[in-house]
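Trainee: I have a model open and no idea where to start. Can we go through it together?

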Amino acid sequence: MAQSIGINQIYKGVKIEIDGTPYEVIEYEHVKPGKGQAFVRVKMVNLLTGNVERASFKSSDTLTLADCSEREMEFLYSQGDSLVFMDPQTYEQIEIPKNVVGKAQYFIKEGTSVYVIFYQGKPIGVNPPKHIDLKVTRTEPGVKGDTVSGAMKEAELETGLKIMVPLFIEEGDIVRVSSETGEYIERVNR
């Protein structure tokens, strides 16, 4: 039987189910207007589509917790239109279609530990690490003398991700990238 929580027990990261669809709460705000009943404004991600939605709930509402679980798994390799992950405890391997993994596929490389999200026993997404070090495979050379502060250029990384990097970054450099924003953090010396 599904568990329920009162709207006042809501917190960032909780997974709830609305009309048979799982959502993850990313932001919430208790609102007490001058007139009328208090309510909670919630910003949440649809875990099946990745769309961000907003909803308001009365302070007396209850929410059903989604039947979600996360399991730490290791990304092994890409195979056609899917990615293969392995549970390091049981060595069980599962294939997850690339369209289910979504943008997270650009932030994982072979051997990366990730958290796979399961909804009712079925994989529905992957949480990559907060940042990852990736090799620059293609970028234009920096122009000497073009030293305007904050100048950026486009670079393609080993996973196919295209980001903006500072002019001093060259092909073969390793850069640290945020998986939350998809932005360059720093150059990594190896």
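Mentor: Start with a term: a residue counts as buried when its relative accessible area is under 20%. Keep in mind that this is a predicted model.

Trainee: Fine. Along strand β9, which side chains are buried?

Mentor: I94 and I96 are buried, and they point to one face of β9, residues 93-97. Q93, E95 and P97 point to the other face and are not buried.

Trainee: What does β9 pair with, and over how many bridges?

Mentor: β8 and β9 run antiparallel and are joined by five bridges. Within that pairing, F85 stands opposite I94.

Trainee: And what sits between the two strands?

Mentor: The hairpin of β8 and β9 has six residues between the strands. Y91 in this hairpin takes a positive phi near 65°.

Trainee: Back to F85. Which residue forms an aromatic pair with F85?

Mentor: F75 does. The two ring centres are 5.4 Å apart, with 50° between the planes, and the pair is classed as tilted. The structure holds one aromatic pair, and this is the one.

Trainee: Where in the chain are the two partners?

Mentor: F75 is in strand β7, residues 68-79, and F85 is in strand β8, residues 82-86. They are ten residues apart.

Trainee: Are they buried or exposed?

Mentor: F75 and F85 are both buried. F75 also turns up in the lining of the second largest pocket.

Trainee: What else lines that pocket?

Mentor: Its lining includes S78, L83, K98, Q105 and Y106. I108, K109, E158 and T159 belong to the lining too. By class, four of the lining residues are nonpolar, three polar and three charged. The volume of this second largest pocket is about 170 Å³.

Trainee: And what is the volume of the largest pocket?

Mentor: About 1,200 Å³. The largest pocket is lined by 36 residues, and E24, V45, V126, N127 and P128 are the closest to its centre.

Trainee: Which element gives the most to that lining?

Mentor: β11 does, with six residues. The elements giving two or more residues are β3, β4, α1, β10 and β11.

Trainee: What classes of residue are in there?

Mentor: The lining of the largest pocket has 16 nonpolar, eleven polar and nine charged residues.

Trainee: Changing topic: sheets. In what order do the five strands of the open sheet come?

Mentor: The order is β14-β13-β12-β15-β16, with antiparallel pairing. β14 (162-166) and β16 (184-188) are the edge strands, and each of them pairs on one side only. From one strand to the next, the twist averages 50°.

Trainee: What holds strands together in a sheet, in general?

Mentor: Strands of a sheet pair through backbone hydrogen bonds, either parallel or antiparallel.

Trainee: Let's take β13. How many bridges does β13 make with β12, and how many with β14?

Mentor: β12 and β13 pair over three bridges, and β13 and β14 over five. On the β12 side, R138 has E156 as its bridge partner. On the β14 side, M152 stands opposite P166.

Trainee: Which residues of β13 are on its covered face?

Mentor: K153, A155 and L157 are on the covered face of β13, while M152, E154 and E156 are on the uncovered one.

Trainee: What about the hairpin of β13 and β14?

Mentor: That hairpin has four residues between the strands, and G160 there takes a positive phi near 95°.

Trainee: And at the other end of the sheet?

Mentor: β15, residues 174-178, and β16 run antiparallel and are joined by four bridges. V177 stands opposite Y184 in that pairing.

Trainee: You gave a positive phi for a glycine. Where is D19, and what is its phi?

Mentor: D19 is in the loop between β2 and β3. Its phi is near 50°, a positive value in a residue other than glycine.

Trainee: Why does D19 count as exposed?

Mentor: Because its relative accessibility is 78%, and the cut-off for exposed is over 50%.

Trainee: What about Q120?

Mentor: Q120 lies in the loop between β10 and β11, with a positive phi near 55°. Q120 is exposed too, because its relative accessible area is 52%.

Notes. Residues numbered from 1 in each chain as written. Predicted model: local features only at pLDDT ≥ 70, side-chain atom pairs only at ≥ 80, totals over all residues. Heavy atoms only, no water. Pairing = 2+ DSSP bridges. Axes fitted to C-alpha atoms, helices over the stretch in contact; angles between N-to-C directions. 1 Å grid on protein atoms, 1.4 Å probe; cavity = no way out; pocket = protein on both sides within 12 Å on 5 of 7 lines; lining within 4 Å. Points joined across faces, edges and corners; volume = space filled by probe spheres on them. Nonpolar A, V, L, I, M, F, W, Y, C, P; charged D, E, K, R; others polar. Phe/Tyr/Trp six-rings, centres within 6.5 Å; stacked < 30°, edge-to-face > 60°. Buried < 20%, exposed > 50% of the residue type's maximum accessible area, 1.4 Å probe, protein only.
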